[in-house]
Amino acid sequence: MLDSLRTRDLSLQFNLDGMKGEERKLAEEMNAVINDFREDQLRQEKQYQYFDTLLNTVSDMLIVADSSGKVSWMNYSAVEGLCGFKIQHLNDLSVVDAELPATLQQLRPGIQQLVRFQPQSDSSVKDYVVSMSYLYTMGLTLHIYTIQNVQTIVQQSEADAQQKLVRVLTHEIMNSLTPIISLSDTLSDTMQQSNFRDEDMLAAIQAINRRAGGLMQFVENYRKLQYISAPQYDNVSVGNLLANLKQLYKSDCIHFKTEDEDQLLHIDRTQIEQVLINLIKNALEATDGCCEPCITLSIKQQLRGREVCITVEDNGVGIATDVLDNIFVPFFTTKIDGSGIGLSICKQVITLHGGTITATSTIGKGSLFTIILPL
C-alpha cells in the first residue's frame, strides 16, 4: 500500500474478505485514504483540463519558459500561430524570425514591444505586441510570454494618426500661406499701379518673412517629434536622478520627496531628466504670480514594488477641462510663444519606456502630472 501511494497508483484496494477486528479497521482506513487521494487527483485533473482548455481557446499566443529559455508549455494559438510545432527552447523560434528569441529574452515585466515577423503558417508579415510577466511557483521563477496580433489595431491607429497629422499640417500651413499669398497679391497690385511707397513694400516683405519663418519653425518642431531615439537603458538610482535636478532648480518653492534614494530605476536617464525638466518648467510658468508658489516632485514605489510613481504637482492657475484633454496632442498649445511639442515629446518618451503619463487639474488650485514606470 505504501508503494502504491509512493508511485501514485491509486487503483489498489485492500480486500476486506476474511478480515476482522483491528486489521479490518486499518484496511478500511487505508482504503478511505486511497479514495481521498483518488478524488483529489480527479479534482486536480479536472481543474487542469479546465484551465488548459480555457488557455487554448485564447487567441493570444502564450509561452511559458524558465529563466534559461527552456519552454515548459505553450497554448494552441502559439503552436499554430508561430511554427506549427511545440518548441523546446525560445531559441527554436529563430525559424520564425532570427531576432524573435533575443527580443523575448530581453523583455522586462510591464514593457510591451512591437515586433514584425512572418509566421510559418501565414504568407504575409504582420505586427505583434510582445510582453512578459513573472510567475513564481514551487521556488521557481517562470516567464510567461504573450504575443498578440495587433495588425488591425495598428492599421486603424496609423490611419487615425495620419488623419490627425494631415489636419494639423493643413491648418498650420494654411495659417502661414494665406497671409503670404494675400500680401504678395497686394504688393504686386500696388507695384503695377506705380503708387506704392518704400515703407509699404518694406512692411509687406517683413510680414512675409515672419510668416515664412513661422512655417519653417513649425516644420523644425515636427522633425523633433519624428526623431525621438529609442531609450538607452541604464540602472540609475533615484538619488542620482534627482541630484542634477536639484542643481538646476534651487528655488525654495521647489521640493523633492522620495522614499528611498538608493532605489534603482531602469531608464534612459537623459530622456527621463528632460521629461522632468519640462514638467517643472511648465509648473514654474503655472505658478508665476502666485503669492506662495509650491512645486513638489515626488518619487515612490507602488503596486508591491513593481512600479515607480513620479509626480509633479503645483498650486498654480490650473488647466481648463477642454484644454486638459488636448495637452498631449502634438502642436496644441495655449501659450503665445509655445510650440505645442513639449508635452507630446514627454508622452512619447514615457511610452517608449513602457509607462504612462496622465494629468489632472483644478482651475485656481493647481495641476498634478503623474508618471508610472515599470521597475
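A salt bridge here is a side-chain nitrogen of Lys or Arg within 4 Å of a carboxyl oxygen of Asp or Glu. By that rule the count comes to six, and three of the stops below are salt bridges. The model is predicted: local features need pLDDT of at least 70, side-chain atom pairs count only at pLDDT 80 or more, and totals for chains, interfaces and linings use all residues. Residues are numbered from 1 along each chain as its sequence is written, and side-chain values use heavy atoms, with hydrogens and water left out.

**Whole chain**

Start with the full cartoon. The chain has 10 helices and 12 strands; helices (H or I, at least four residues) and strands (E, at least two) are DSSP runs, numbered from the N terminus. Of its 375 residues, 34% count as buried, where buried means under 20% relative accessible area, exposed over 50%, and partly exposed in between (1.4 Å probe, protein chains only). Switch to a surface: about 23,300 Å² is exposed, and carbon and sulfur atoms supply 52% of it. These areas come from the Shrake-Rupley method with a 1.4 Å probe, and for residues only the protein chains shown count as cover. Contact means heavy atoms within 4.5 Å. Among contacts between residues at least 6 apart in sequence, 55% join residues at least 24 apart.

**The five-stranded sheet**

Select strands E1 to E5. They form an open sheet in the order E2-E1-E5-E4-E3, with antiparallel pairing; two strands pair if DSSP finds at least two bridges between them. The edge strands, each pairing on one side only, are E2 (71-74) and E3 (113-117). From one strand to the next the twist averages 30°.

Now select residues 126-137 and 140-149. These are strands E4 and E5, which run antiparallel and are joined by 10 bridges. To see one pair, pick Ser-131, whose bridge partner in E5 is Thr-146.

**Helix H3**

Add residues 76-83. This is helix H3, which packs on the sheet and touches E1 (61-65), E2, E3 and E5; its direction makes about 105° with that of E1. Axes are lines fitted to C-alpha atoms, for helices over the stretch in contact, and angles run from 0 to 180 degrees between N-to-C directions.

Is H3 largely enclosed or open? Six of its eight residues are buried, so H3 is largely enclosed by the rest of the structure. The buried ones are Ser-77, Ala-78, Val-79, Gly-81, Leu-82 and Cys-83. Their cover includes H2 as well as E1, E2, E3 and E5. Step on to Gly-84, just after H3, which takes a positive phi of about 90°.

**Two cores**

Next, show side chains for Leu-297, Ile-327 and Ile-371. Within the largest nonpolar core, which has 38 residues, these three touch the most other members. A nonpolar core is a set of buried Ala, Val, Leu, Ile, Met, Phe, Trp, Tyr and Cys residues joined through side-chain atoms within 4.5 Å. Helix H8 (residues 269-287) gives this core its largest share, seven residues. For the second, separate core of 23 residues, select members including Met-61, Tyr-128, Tyr-145 and Ile-147.

**Three salt bridges**

Go to Arg-24 and Glu-28, whose side chains meet in a salt bridge at 3.4 Å, N to O. Both lie in helix H2 (residues 21-56), and because they are four residues apart they are separated by about one helical turn. Glu-28 is partly exposed at 38% relative accessible area, and Arg-24 is partly exposed at 30%.

Lys-281 and Glu-285 are the next pair, with their closest N and O atoms 3.0 Å apart. They too are four residues apart in a helix, here H8, and separated by about one helical turn. Lys-281 is partly exposed at 41%, as is Glu-285 at 39%.

Then select Lys-246 and Glu-261, which meet at 3.7 Å, N to O. Lys-246 is in helix H7 (residues 238-248) and Glu-261 is in the loop between E7 (254-258) and E8 (264-267), so the pair ties together parts 15 residues apart in sequence. Lys-246 is partly exposed at 35%, and Glu-261 at 40%.

**A last stop: Gln-263**

Stay in the loop between E7 and E8 and select Gln-263. At 18% relative accessibility, Gln-263 counts as buried. Which residues does Gln-263 touch, not counting those up to four places away in sequence? They are Val-236, Ser-237, Val-238, Gln-301 and Leu-375.
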